[in-house]
Amino acid sequence: MKNVQRDIEERTNLTGTNQFELLLFRLGADSALGKSELFGINVFKIREIVAMPSITPIAGATAYSLGVVNLRGQIIPVLDLPAIVGCKPKTGLNIMLVTEYARTTQAFAVESVEDIVRLDWKQVLSAEASGAAGKLVTSIARLDGNTDGSRLAQVLDVEAILQLVSPPEGNQVDAQKVGPRLVMKPGTIILAADDSFVARSLIEQELQLLHAPFEMVKSGKEAWDRLNALAIQAATEGKTVCDKVALVLTDLEMPEMDGFTLTRQIKQDARFHGLPVIIHSSLSGSANEDHVRSVGADGYVAKFVAEDLADAMRRVLPS
């Protein structure tokens with residue numbers, strides 16, 4: 001486990017290569033086949049890995065809560081990840097993954113940590129596109145590349161998990177917080193890319209409240225392909241892409257092409273000159289914000305604060 005912890009500290013600067021590090025772990029036997037499958041979380045979300053410490057149960061805690069731990073002076077809630085996913089650990093809850101997500105810190109109890117693997121996002125397929133969609137799985141990683149018999153790992157949707165554990169009241173975006181409608185050039189849309197069903201639902205609600213026409217896609221590659229199609233269409237009409245698209249709103253972690261690569265390709269292509277890009281991600285922290293600036297994004301918003309997202313879009317849209 002010490003080697004895995006060291007890898008997390010040393011292997012995070014992959015944003016220029018459309019690659020990422022996936023932490024692999026096991027949760028125990030699943031309820032369907034009784035097998036212990038591999039699961040994964042992006043290393044960027046992992047703050048540290050520790051042997052399971054003493055947990056203090058909390059009276060009246062929500063389902064799936066094991067309690068809290070005091071880790072170097074910080075009180076952190078601990079969630080029973082095998083119970084959430086529907087697995088039964090064979091050897092117990094031995095490891096705690098401390099994660100940072102959307103400006104919050106929480107820990108997940110797991111049975112064991114296996115490895116960290118470096119993958120190209122092209123090795124990761126959308127769970128929906130592959131027909132393997134589950135409410136808590138955002139994508140499927142082919143660990144040995146695009147080969148028959150490749151080991152598979154289920155990449156968990158942290159947004160969906162946290163919503164399941166403590167859903168927001170009403171699960172609705174507050175119209176008063178997002179403010180007045182967006183002012184957009186007539187005939188333009190907002191092109192939004194996110195692989196999480198939960199995130200897409202919240203983004204769609206907000207854009208509808210802002211009376212902003214939009215198209216939603218599930219990956220950076222889908223967004224890039226759509227932009228290229230719109231560029232061709234605009235050219236045949238004697239227009240530019242900015243006559244078709246007001247701004248691009250993208251997540252960072254997405255199958256096939258991540259948000260860093262999408263943003264960099266947009267900013268390096270003369271056809272898309274002047275097209276604003278906002279990165280909207282649960283990967284918060286100064287290191288990720290530095291990477292966002294390095295690829296030329298016009299804005300960065302941590303998920304999911306509706307008023308912050310609305311303000312960011314107003315800032316970059318042409319007045």
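1. A good place to start is Gln 123, whose side chain comes within 2.8 Å of the backbone oxygen of Arg 142. This is a polar contact (a pair of N or O atoms within 3.5 Å; within protein, one must be able to donate a hydrogen and the other to accept it, and residues adjacent in sequence count only if both atoms are side-chain atoms).

2. Please keep in mind that this is a predicted model, where local features need pLDDT of at least 70, side-chain atom pairs count only at pLDDT 80 or more, and totals for chains, interfaces and linings use all residues. Residues are numbered from 1 along each chain as its sequence is written, and side-chain values use heavy atoms, leaving out hydrogens and water.

3. Where does Gln 123 sit? Look in the loop between strand 9 (112–120) and strand 10 (124–126); strands here are DSSP runs of E, at least two residues, numbered from the N terminus. Gln 123 counts as buried because its relative accessibility is 18%, and buried means under 20% relative accessible area (1.4 Å probe, protein chains only). Beyond neighbours within four places in sequence, its contacts (heavy atoms within 4.5 Å) include Ile 140, Leu 143 and Gly 145.

4. Now turn to strand 2 (residues 36–42), which is largely enclosed by the rest of the structure because five of its seven residues are buried.

5. Which strands pair with strand 2? Strand 1 (residues 19–30) does so in the antiparallel sense over six bridges, and strand 12 (residues 152–156) in the parallel sense over two; pairing requires at least two DSSP bridges. Arg 26 stands opposite Leu 38, while Phe 39 has Gln 154 as its bridge partner in strand 12.

Notes. Helix = DSSP H or I, 4+ residues; strand = E, 2+ residues; numbered from the N terminus. Buried < 20%, exposed > 50% of the residue type's maximum accessible area, 1.4 Å probe, protein only.
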